[in-house]
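Please open the model in your viewer and keep the sequence beside it, since this tour moves from one selection to the next.

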Amino acid sequence: MRDHPQEGAAAPDSSDARPARHAEHGDGGVPAPDRPSAAPHDAWDDSPCASVPDVWYGRATNRFQWLLAAIGAACLALGIELAVDSAWSSGDTPLVMAVVGCVAAGLLVLFGTLAFVHVAVRVDKDCLEVRCGHMGLPRRRIPLSHVVDVDFAPRVTPCHWGGWGYRWRPEQGTGVIVRRGEAVILRLGDGRTFTVTVDDAEAAVRCIRARLGLRPKPARGAA
């Protein structure tokens, strides 16, 4: 006995045998563009931006240092005044000691303050360079090839480093601290760190991380 199609059933149509082809093609049979796969959960929130400048410049200034520089200049002037106009009846030795002490203290304070009235930071494709004061001394140049990571510090104070200037602490490494506030922290391949206070430090960190091909850090305030 032969099977017959049920009465009223539609005869199979050859056009119905191709449902998958329409699923794989767009309208009119034209292949649909490939759809990107879903991004992984831990994908980067941001990628190195094409707008990273060729050279990034930053500065930080501490005008309070001018007051200390004035004190140093006063000490220097006092030493010169003693050397030129004073005649001590007790002998020359106390006079010489007073003059040398005032001049040495004045020069030390002047250099220690004027050198750190401001700091200039420059980041290019090869290195980070730090220049202090109007003469650019002291100067520190760190090749980016020596940097393994870089972080943003929202608040660094001289109290953390024991004062202003070019500092070193065993647990913190070296740093150029000219004022309180935000800073860039470089972590070097030899295990040491270098910190420099600079305005718009977050932009410097983004620039360095982009050049190193490192994953961007979450923005401040992000959960």
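Begin with the open sheet of five strands, whose order is β5-β8-β9-β7-β6 with mixed pairing; strands, like helices, are DSSP runs numbered from the N terminus (strands E, at least two residues; helices H or I, at least four), and two strands pair if DSSP finds at least two bridges between them. This is a predicted model, in which local features need pLDDT of at least 70 and side-chain atom pairs count only at pLDDT 80 or more, while totals for chains, interfaces and linings use all residues. Residues are numbered from 1 along each chain as its sequence is written, and side-chain values use heavy atoms, leaving out hydrogens and water.

At the edges of the sheet, select β5 and β6 (165–169), each of which pairs on one side only. From one strand to the next the twist averages 20°, where axes are lines fitted to C-alpha atoms, for helices over the stretch in contact, and angles run from 0 to 180 degrees between N-to-C directions.

Stay with β6 and add β7 (residues 173–177): the two pair in the antiparallel sense over five bridges, and a hairpin of three residues joins β6 to β7. Within this pair, Arg-167 stands opposite Gly-175 in β7.

Now go to the other edge, where seven bridges join β5 to β8 and the two strands run antiparallel. Here Ala-153 stands opposite Ala-183 in β8. Next show α5, which lies across β5 and β8 and runs at about 170° to β5.

What should you select to see the residues that touch the most other members of the largest nonpolar core? Choose Val-130, Val-176, Val-184 and Leu-186, which belong to a core of 29 residues; such a core is a set of buried Ala, Val, Leu, Ile, Met, Phe, Trp, Tyr and Cys residues joined through side-chain atoms within 4.5 Å, and buried means under 20% relative accessible area, exposed over 50%, and partly exposed in between (1.4 Å probe, protein chains only). Several elements supply at least two residues each, including β1 (56–61), β3 (127–132) and α5 (201–212), and α5 gives the most, with six residues.

Centre the view on Val-130: leaving aside neighbours within four places in sequence, its contacts (heavy atoms within 4.5 Å) include Val-119, Pro-138, Val-176 and Phe-194. Apart from the largest core lies another of six residues, among them Ala-153, Trp-161, Ala-183 and Ile-185.

Finally, select two cysteines: Cys-159 is exposed, with a relative accessible area of 67%, whereas Cys-207 is buried, at 3%.
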